[in-house]
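Student: Could you take me through one part of this model up close, starting with its charged contacts and working inwards from there? I'd rather have one connected walk than a list.

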Amino acid sequence: MRNYIFSKETFIFILLVLFTFSSWYVSSFGKGSMTSGPVGGVVVLFFAFFKARLVIQYFMEVREAKVVLRVLTEIWVVLALIIVSSIYYFQL
Amino acid sequence: MQKKQAKNSRPLKEEEGQNALKLPGGEGIWVFVFGDLVVFSLFFSVFLSYRGDSLALFETSASTLNLTFGLVNTLVLLTSSWFMVCALKAFRMKDYSYVKRFSELSIICGLLFVLLKVFEYKEKISDGIGLTSNDFFMFYFVLTGIHLFHVVIGLIILTWLRLSLRHNNHSVSAPSVEASCIFWHMVDLLWIVLFPLLYLLP
C-alpha cells in the first residue's frame, strides 16, 4: 500500500488539488484585486492548462513516452492555452 | 508445434510491455485522445467567442451556477484519476488485489460525479432553466452533457476492467489497462478545463 501512496504521482495529485483551490480562490475572492477581471481570467485559464499538462505528463505517463507523443501533447497544451486565452482576453 | 507456440507466447507479452512503456496504451487510444482534445478545444473556443459577444448575459447566467457542485466534482474526478494511477502501478507489480480495490474506488468516484451532475441538472431544471433558456445555458448543458457521456463510457470501461479481474482471472493485457487509464485521465483533463470556463471565469 505504501508503494502506491508515497509516490511522485501522489505529490502531483496534491498539487492538482492545490491548484484547483487556488483557481477557485482567485475567482471567488480576487474581486477588486489585480487578479479580478480579464487578467484574473487568464490566470484561471493558465492554472487550468497547467493542471491539464500535469495530468498528461504524469498520470497519462507521457513524460516517459516516445518523443513524438511528448512534443504533440506539449503543442496541444500551448496552442490551446494561447488560442483560448486570446479569445477570452480580446473578446474575439 | 504447440510447444513452439507456448515458447513464443511469453516473450511476446514482455515485448508488448516494453512497447507500452514507449507508447502507453498503444497508438489507437492516442489517436482517439488527440481527436477528442481537438474537438473540445473547438468547443472551448466557440464558447468563449459567444461569451465575448454577450458578456453581460454569460456573466449573469454563470453566477447562478452552484460553484460547490463544480468544485466538488473537480476534486472527485481528480481523486478518481489518482486511484487509477495507483491501480496501474499495482497491475504492473502483479498485485491484483490492489488493482481491484483501486479500480473499485475509482468507479465509486465516477458514480459520485454522475450523481452530483444529476442533482445539479435537477436544481437548474426545477428553477425553470433549460437548454433553450439562453446561449450560456445551451453551452452549459451541451458541454457538460457531452462530458458526462464521456464519464459514462469511462465508467463502462473501468467496470469491464474490474470484471475482467474477478475470479483471479488475470488475462487482461497491460496495453488494455493502460488504454483504460488514459481514457479516464482524458475525461478528468477535459473537466479540468471545462470547470473554470463555465464556473470560474470573471
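**From a charged network to the core**

Tutor: Let's start with a salt-bridge network that joins Glu61(A), Arg92(B) and Glu178(B). Keep in mind that this is a predicted model. Within the network, Glu61(A) pairs with Arg92(B), and their closest N and O atoms are 2.6 Å apart. That pair crosses between chains: Glu61(A) sits in the loop between helix H3 (37-59) and helix H4 (67-90) of chain A, while Arg92(B) belongs to helix H4 of chain B. How exposed or buried are the two partners? Glu61(A) counts as buried because its relative accessible area is 16%, under the 20% cut-off. Arg92(B), with a relative accessible area of 38%, is partly exposed. As a general point, side chains of opposite charge can pair when their charged atoms come close.

H4 of chain B takes part in another pairing between the chains. Lys89(B) forms a salt bridge with Glu9(A), with 3.1 Å between the closest N and O atoms. Here the link runs from helix H4 (residues 67-92) of chain B to helix H2 (residues 8-29) of chain A. Lys89(B) has 24% relative accessibility and so counts as partly exposed, whereas Glu9(A), at 13%, is buried.

For a pair inside chain B, look at Arg162(B) and Glu104(B), whose closest N and O atoms are 2.6 Å apart. These two tie together distant parts of the chain, since Arg162(B) is in helix H6 (residues 135-164), Glu104(B) is in helix H5 (residues 96-126), and 58 residues separate them. Glu104(B) is partly exposed, at 33% relative accessibility. Over all chains, the structure holds 8 salt bridges.

Now step back to chain B for a moment. Chain B has 7 helices and 0 strands, and 52% of its 202 residues count as buried. If you take the contacts in chain B between residues at least 6 apart in sequence, 79% of them join residues at least 24 apart.

One residue that shows such long-range packing is Leu190(B), in helix H7 (residues 174-200) of chain B. Leu190(B) counts as buried because its relative accessibility is 1%. Ser41(B) is 149 residues away from Leu190(B) in sequence, yet the two C-alpha atoms are 9.4 Å apart in space. Beyond four places in sequence, the contacts of Leu190(B) are Asp36(B), Leu37(B), Phe40(B), Phe44(B), His147(B) and His150(B).

What about the nonpolar core? The largest one has 96 residues, and those touching the most other members are Trp30(B), Phe47(B), Phe136(B), Tyr140(B) and Leu197(B). H7(B) supplies the largest share of this core, with 19 residues. Leu197(B) is a good one to click on, as its contacts reach into both chains: beyond four places in sequence, Leu197(B) touches Leu45(A) and Val84(A), along with Phe44(B), Phe47(B) and Leu48(B).

Leu197(B) turns up again when you look for enclosed space. The search gives 3 cavities of 30 Å³ or more, and the largest cavity holds about 40 Å³. Its lining includes Phe47(B), Phe136(B) and Leu197(B), together with Arg51(B), Phe58(B), Ala62(B) and the run Leu198(B), Tyr199(B), Leu200(B) and Leu201(B). Helix H2 (27-53), H3 and H7 of chain B each give two or more residues to that lining, and H7(B) gives the most, with 4 residues. By class, the cavity lining has 9 nonpolar, no polar and 1 charged residues.

Finally, there's an open space to look at. The second largest pocket has a volume of about 280 Å³. Of its 14 lining residues, Ser27(A), Ser63(B), Tyr199(B), Leu200(B) and Leu201(B) lie nearest its centre. Which elements supply at least two residues of the lining of the second largest pocket? They are H2 of chain A, plus helix H3 (55-62) and H7 of chain B. H3(B) gives the most to this pocket, with 3 residues. The pocket lining comes to 8 nonpolar, 3 polar and 3 charged residues.

Key
Residues are numbered from 1 along each chain as its sequence is written. Chains are lettered from A and ligands numbered from 1 in the order in which they are written. This is a predicted model: local features need pLDDT of at least 70, side-chain atom pairs count only at pLDDT 80 or more; totals for chains, interfaces and linings use all residues. Side-chain values use heavy atoms; hydrogens and water are left out. Buried means under 20% relative accessible area, exposed over 50%, partly exposed in between (1.4 Å probe, protein chains only). Contact means heavy atoms within 4.5 Å. A nonpolar core is a set of buried Ala, Val, Leu, Ile, Met, Phe, Trp, Tyr and Cys residues joined through side-chain atoms within 4.5 Å. A salt bridge is a side-chain nitrogen of Lys or Arg within 4 Å of a carboxyl oxygen of Asp or Glu. On a 1 Å grid over the protein atoms alone, a cavity is a set of points where a 1.4 Å probe fits but cannot get out, and a pocket is an open set with protein on both sides within 12 Å along at least five of seven lines; lining residues have an atom within 4 Å of a point. Grid points are joined across faces, edges and corners, and a volume is the space filled by probe spheres set on the points. Ala, Val, Leu, Ile, Met, Phe, Trp, Tyr, Cys and Pro count as nonpolar, Asp, Glu, Lys and Arg as charged, and the others, Gly among them, as polar.
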